[in-house]
Amino acid sequence: MSERLQPNTNPADLASTLSGFHFIGGSLTPARSGRTFDVINPATADVVAKAAYGDADDVDVAVAAAAKAQPAWAKMVARQRGKLVAECGRLLSDHVEELGRLVALETGKALRTESRVEASVLADMFVYYGGLASELKGETVPFNPDMLTMTVREPIGVVGAIIPWNVPLLLMALKIAPALVAGNAVVIKSAEEAPLTALRVIQLINQVLPPGLVNILSGFGPECGAPLVAHPKVGKVTFTGSVETGRIVYKTAAEKLIPVTLELGGKSPMIVMGDADIDRAVGGAIIGMRFTRQGQSCTASSRIYVHESIHDEFVARLKAKVDAMKMGDPLDESTDIGTIISPDQYEKVRSYIRMGLESPGAKAHACSAMPTDARLTKGLFVQPVIFTDISPDARPAREEIFGPVACVFRFKDYEEAIARANDSEYGLAATIWTRDLRTALDATRRLEAGFVQVNQNLVVQPMLSYGGMKSSGLGREASLEAMLEHFTHKKTVIINMT
Ligand code: NAI
Ligand code: MG
């Protein structure tokens with residue numbers, strides 16, 4: 001094998017080496033059309049690179065490469081596949097600094113609080129799934145003593161994966177690593193706002209994996225994502241993004257009758273009872289709201305119900321803590337909060353803040369200070385906003401904003417809090433904060449969400465199934481169950497021994 005790629009911690013330089021390419025069949029490949037689009041640094045509005053403008057022709061080439069590589073991979077001894085996927089994880093862990101810097105450059109997420117952390121979770125997810133290869137087991141079934149009856153797990157074939165821009169590395173790991181360990185090949189379409197780091201990851205792991213097994217295309221949804229979902233050789237689609245696009249993906253998958261996993265965001269509630277440890281709950285709200293990610297999280301705890309007896313104290317402490325966070329250059333180690341991803345999202349977030357300001361009775365508490373650095377004047381910075389006394393029917397209180405905007409409501413009693421928490425089209429995550437065990441346990445049963453926590457607000461973790469109810473999606477990710485249920489077919493085999 002030739003020399004391994006060395007980490008390049010100069011993100012602008014690395015971006016230029018990746019400029020204009022997909023990664024297909026084991027190498028960097030330009031779009032067949034020759035077209036490209038700009039990749040922007042949202043902190044400065046500078047163009048940092050071009051990305052290949054993928055379309056249906058590129059999808060055809062990538063799916064063909066994947067289909068060619070998959071059978072030999074599926075035949076490999078399972079633990080050997082796992083070993084190679086774990087080796088991808090170890091290789092990625094040597095590149096955490098590089099990947100963190102590059103993702104900070106293209107997404108505006110602060111390096112210290114977000115981007116570097118995400119790069120290290122990416123590596124960890126590959127190591128975790130690599131160790132699960134031996135768990136691709138079926139069952140024996142006591143059907144008839146004369147017939148050996150069993151189930152076996154088989155790979156699906158070629159998996160199409162579509163990822164968004166908010167946590168591109170983690171979300172791609174949740175898709176690629178289990179798909180590969182289960183014996184599939186993968187074609188990923190990156191988000192148009194964040195194509196570079198995802199491309200780099202695929203370039204890096206291709207040093208370990210056979211060519212064609214994992215391919216990545218950059219491009220826009222309708223031109224590149226849609227043909228990937230529709231491609232006849234794609235036997236499974238795994239998607240993270242908006243509800244609106246999730247429905248389009250699901251419709252196409254329904255026409256083809258293929259399985260899908262959809263992770264579609266939310267408006268996650270947090271209930272803080274009167275007996276809760278306020279400081280702990282405030283810390284949980286800050287993590288839950290992902291203020292360090294500008295609130296750009298599907299799981300954001302953006303509806304915070306606080307008992308009236310502690311509401312004002314909670315809001316004061318929350319505001320003080322968010323005020324103390326520093327907004328600024330994403331690549332600066334002292335920065336806590338970076339930028340919104342794109343002008344479109346910036347406008348969307350600001351329009352929700354305007355709606356909140358115009359909502360009768362609502363009070364807006366703007367936190368933290370805008371950066372003053374002259375290089376950042378075109379940066380997409382938004383001050384975090386905490387709304388109080390906002391009507392629960394106002395759009396910012398009901399709809400996913402995907403920005404640093406939290407609504408804090410007061411409630412009188414527990415039943416009211418549960419009813420209001422569940423009064424949402426979404427059902428991704430929920431938390432309750434209380435010292436009372438009975439209340440906590442009751443809430444874990446009654447909260448309509450796929451990921452429920454008491455007195456903490458952990459983010460996605462390897463080995464814990466993660467996914468939504470209601471409009472938040474279908475299927476689970478990040479666990480053994482996710483690999484078995486969503487990346488294999490289960491086949492029943494009956495052997496008549498008479
Ligand atoms: P989106 O759902 O349109 O994009 C996500 C991915 O889907 C991107 O890779 C995009 O290119 C692709 N895509 C778009 N249209 C497609 C199509 N017709 N067929 C196949 N793939 C397609 O989300 P977008 O526009 O980036 O953000 C809009 C809103 O969606 C955000 O404001 C936020 O509320 C929500 N969102 C939720 C995410 C989550 O983690 N669940 C992630 C990103 C956005
Ligand atoms: Mg969209």
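Mentor: Let's start with what counts as a helix: a DSSP run of H or I covering at least four residues, with numbering from the N terminus. Keep in mind that this is a predicted model.

Trainee: Okay, so where in the helices do Arg446 and Asp442 lie?

Mentor: Both are in helix 15, residues 437-446, and they sit 4 residues apart, about one turn of the helix. Arg446 forms a salt bridge with Asp442, with the closest N and O atoms 2.9 Å apart.

Trainee: Are those two buried or exposed, or something in between?

Mentor: Buried means under 20% relative accessible area, and exposed means over 50%. Asp442 has 18%, so it counts as buried. Arg446 comes out at 31%, so it is called partly exposed.

Trainee: Which residues do salt bridges with shared partners join into one network?

Mentor: Glu97, Arg101, Arg116 and Glu333. Take Glu97 and Arg101, whose side chains meet at 2.9 Å, N to O. They are about one helical turn apart, because 4 residues separate them in helix 4. Glu97 is partly exposed, since its relative accessibility is 27%. Then there's Glu333, whose side chain meets that of Arg116 in a salt bridge at 2.5 Å, N to O.

Trainee: What about a pair that isn't in one helix: which parts does the bridge of Arg200 and Glu98 tie together?

Mentor: Their side chains meet at 2.8 Å, N to O. Arg200 belongs to helix 7 (residues 196-205) and Glu98 to helix 4, so this bridge ties together parts 102 residues apart in sequence. Arg200 counts as buried, because its relative accessibility is 4%. Glu98 is buried too, at 1%.

Trainee: How many salt bridges does a search of the whole structure find?

Mentor: It finds 32. The count between domain 1 and domain 2 is 3.

Trainee: You mentioned domains. Which residues make up domain 1 and domain 2?

Mentor: Domain 1 takes in 11-264 plus 472-493, and domain 2 covers 269-462. Measuring over C-alpha atoms, their centres are 30 Å apart. Domain 1 brings 33 residues to the contact and domain 2 brings 34.

Trainee: And how do I read the size of an interface?

Mentor: People often quote the accessible area lost when the parts come together. In this model, about 2,700 Å² is buried between domain 1 and domain 2, and carbon and sulfur atoms give 59% of that. On the domain 1 side, Arg112, Trp165 and Ser472 lose the most area, together 21% of what that side buries.

Trainee: How many residue pairs are in polar contact across that interface?

Mentor: The rule finds 13. Now look at the elements giving two or more residues to the domain 1 side: helix 4 (96-107), helix 5 (111-130) and helix 6 (168-181). Helix 5 has the largest share, with 8 residues. By type, that side of domain 1 splits into 17 nonpolar, 6 polar and 10 charged residues.

Trainee: Let me try a single residue. Where is Thr240, and what does its side chain make a polar contact with?

Mentor: Thr240 is in strand 10, residues 234-240. Its side chain makes a polar contact with the side chain of Lys175 at 2.7 Å. Thr240 counts as buried because its relative accessible area is 5%. Setting aside neighbours within four places in sequence, its contacts include Ile162, Pro164, Leu171 and Glu477.

Trainee: How would Arg81 read by the same steps? Where is it placed?

Mentor: Arg81 is in helix 3, residues 78-93. With a relative accessible area of 5%, Arg81 is buried. Its side chain reaches the backbone oxygen of Trp73 at 3.4 Å. Beyond neighbours within four places in sequence, Arg81 is in contact with residues including Met76, Leu136, Leu180 and Gly183.

Trainee: Last one: which residues of helix 8 are buried, and what covers them?

Mentor: In helix 8 (residues 221-230), the buried ones are Cys224, Gly225, Pro227, Leu228 and Val229. Their cover includes helix 2 (56-75), strand 7 (158-162), strand 8 (185-189), strand 9 (214-217), strand 10 and helix 9 (243-256). You've already met strand 10, since Thr240 sits there.

Key
Residues numbered from 1 in each chain as written. Chains lettered and ligands numbered in written order. Predicted model: local features only at pLDDT ≥ 70, side-chain atom pairs only at ≥ 80, totals over all residues. Heavy atoms only, no water. Domains from an automatic or database assignment. Contact = heavy atoms within 4.5 Å. Buried area = accessible area lost by both parts, 1.4 Å probe. Salt bridge = Lys/Arg side-chain N within 4 Å of Asp/Glu carboxyl O. Polar contact = N/O pair within 3.5 Å; in protein donor to acceptor, adjacent residues only side chain to side chain. Nonpolar A, V, L, I, M, F, W, Y, C, P; charged D, E, K, R; others polar. Buried < 20%, exposed > 50% of the residue type's maximum accessible area, 1.4 Å probe, protein only.
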